[in-house]
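Fire up your viewer and load the model. We'll hop from one selection to the next, and at each stop I'll tell you what is there.

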Amino acid sequence: MDTLSHHYLDKLKHAHPALRLLNADHAPLIISFFYRIFIQPNRRSIAYAELVTKLDDYLYQLQEMYGENKYPRGARAYIEEWSSDNSEFLRQYYPLHRDEPELDLTPAVEKAIEWLLSLEQKQFVGAESRLLSLFYLLRDIVQTTEQDPAVRIAELNRQKALLDQEIEKIQTNVANQYDTRQIKERFLQAEETARKLLSDFRQVEQNFRQLDRQAREHIATSEERKGQLLDVIFHEHDIIHDSDQGKSFKAFWEFLMSPSSQDELKKMLQATLNLTEVKDLIQYPLLDNIDIALLTAGEKVYRTSTLLAEQLRKYLEDQAYLENRRIMEIIKNIEKKAIALKATPIKTKAFSVLADTAPHIELLMSRILFTPPRNPVITVTDLAAGQTNVSINLLYEQVYVDENALLANIRQALQTHSQISLQQLLALFPLQKGMEELVTYFHLASKESHAIINNEIQERFVFASKAIQMPQVIFVRH
């Protein structure tokens with residue numbers, strides 16, 4: 001089947017949100033506002049009330065320029081229309097434990113805006129850097145998939161020889177350096193790659209949401225037993241995590257959570273942005289905070305992927321409640337029938353007989369340790385004070401962990417770091433009260449909205465000749 005057939009394109013024109021956006025009557029208003037609020041500052045979501053306020057201000061500016069009849073409707077009406085099923089430009093949802101809805105762009109709208117940005121006349125097209133990127137990718141594929149060890153070793157020796165030649169040139173001050181054109185070309189390509197990477201996260205998040213929505217619908221409509229239903233849901237959960245996209249995101253998240261990778265990325269960004277050749281190219285500081293932007297986008301996708309596990313837990317709790325309720329109903333029916341038969345004489349002594357279904361068990365702890373005699377003999381003796389060398393001071397010692405002091409440690413560390421892991425924090429502020437203080441840090445991370453608990457990575461904590469492994473905790477600057 002031809003992908004770009006007339007029938008397919010005619011159907012796509014009315015069904016795809018990106019084409020509906022480009023064909024909308026108020027497309028300049030919608031696209032410019034979305035770019036101004038979401039794309040340019042790289043915001044992943046925004047509260048409903050804040051978005052209404054910003055659209056009110058933007059409509060006022062446009063009406064001052066083009067007249068009051070240009071966009072006569074109110075901001076709230078426009079937002080409701082853009083987030084409706086007929087438009088699908090915005091996704092409106094309620095975050096966990098919050099009463100106010102938030103809104104985010106749909107992946108289709110971001111693709112449309114990205115395509116419009118590509119229409120802008122560029123200063124120059126980086127043909128050399130793109131060709132080199134293609135060349136390096138193809139060479140990496142060929143070398144990594146080569147089955148013959150001798151061929152791979154020979155290629156590595158060739159690269160080693162080239163590196164030795166480059167080192168020798170640097171030592172003799174004859175090494176080649178990029179000129180101004182080459183630096184600008186590669187910087188623009190890096191910026192474009194970063195922008196597309198951030199754009200892809202909305203599509204990845206939507207794929208996880210679709211899986212979660214399918215699981216919820218299956219649970220709500222299925223008549224299967226709990227075990228069968230869980231098999232289906234866990235199978236779907238494994239499909240998304242074992243897919244190429246799921247594995248790629250997991251590898252990305254593990255790389256981003258690595259402190260060494262984050263430090264290296266920050267150093268390279270700082271060195272690149274300090275170059276004189278690229279300072280004139282920086283219109284919006286996208287790469288300046290790309291590490292925080294990637295962490296924020298990845299965290300949002302990671303939390304969306306964990307919703308399915310949360311939904312499974314709620315399902316199990318609901319099923320347990322329903323089963324207990326059914327047991328109580330059966331007991332009530334037995335009691336009602338017993339009351340109804342109380343006036344009926346029983347002809348046989350054996351009203352009901354149940355065969356033993358399990359062996360009789362006597363637990364050791366159920367045995368009586370002491371049986372007092374029936375006629376105890378009581379003698380009167382004088383009581384004398386005894387002596388002991390056991391200290392009872394430990395019974396009166398209490399360990400108190402001050403949460404405010406730990407919060408002060410976190411804030412002080414975040415003054416010089418945009419984010420810091422708990423392991424790095426404890427290197428700056430060692431544990432004073434052992435396990436109680438460590439557990440308090442985890443308690444603070446569970447309450448803070450700017451803290452991440454990554455169950456995929458385990459960290460080792462050593463204190464007082466003891467060691468424990470716990471999930472990685474990262475505190476992020478507000």
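Before you click anything, a word on labels: helices (H or I, at least four residues) and strands (E, at least two) are DSSP runs, numbered from the N terminus. This is a predicted model, where local features need pLDDT of at least 70 and side-chain atom pairs count only at pLDDT 80 or more, while totals for chains, interfaces and linings use all residues. Residues are numbered from 1 along each chain as its sequence is written, and side-chain values use heavy atoms, with hydrogens and water left out.

**Whole chain.** Colour by secondary structure: you should find 18 helices and six strands. Of the 478 residues, 31% are buried; here buried means under 20% relative accessible area, exposed over 50%, and partly exposed in between, with a 1.4 Å probe and protein chains only.

**Lys250.** Select Lys250, which sits in helix H11, residues 244–257. It counts as partly exposed because its relative accessibility is 44%. Now add Glu456 to the selection: 206 residues separate Lys250 and Glu456 in sequence, yet their C-alpha atoms are 8.9 Å apart.

**Helix H4.** Next, select residues 48–66. These 19 residues form H4, which reaches 26 Å from first C-alpha to last, close to the expected 27 Å (the expected span is 1.5 Å times one less than the number of residues). Which residues of H4 are buried? Show sticks for Tyr48, Leu51, Val52, Leu55, Tyr58, Leu59 and Leu62. Look down the axis of H4: these buried residues fall within an arc of 130°, so they line one face of the helix. The arc is taken from the directions from the helix axis to the C-beta atoms. An α-helix has 3.6 residues a turn, so residues three or four places apart point the same way.

Flip to the other side of H4 and you meet Tyr60 and Glu64, both exposed. What do the buried residues of H4 pack against? Their partners are helix H3 (27–39), strand E1 (46–47), helix H5 (75–82), strand E2 (90–93) and strand E3 (102–105), with contact meaning heavy atoms within 4.5 Å. Just after H4 comes Gly67, with a positive phi near 100°.

**The E1-E3-E2 sheet.** Keep those three strands on screen. They make an open, antiparallel sheet in the order E1-E3-E2, where two strands pair if DSSP finds at least two bridges between them. E1 and E2 are at the edges with a single partner strand each, so one side of each lacks a neighbour in the sheet. Four bridges link E2 and E3, and Arg91 stands opposite Asp104 in E3. Bring back H3, which packs on this sheet and touches E1, E2 and E3; its direction makes about 110° with that of E3. Axes are lines fitted to C-alpha atoms, for helices over the stretch in contact, and angles run from 0 to 180 degrees between N-to-C directions.

**The E4-E6-E5 sheet.** Last stop: another open sheet of three strands, ordered E4-E6-E5 and paired antiparallel. Strands E4 (419–421) and E5 (451–463) are at its edges, each with a single partner strand, so one side of each has no neighbour in the sheet. Ignoring direction, neighbouring strands here are turned by 25° against each other on average. E4 pairs with E6 (residues 466–476) over three bridges, and Ser421 stands opposite Ile474 in E6. E5 and E6 are joined by 10 bridges; zoom in on Phe463, whose bridge partner in E6 is Lys466. The hairpin of E5 and E6 has two residues between the strands, and Ala464 takes a positive phi near 50° there.
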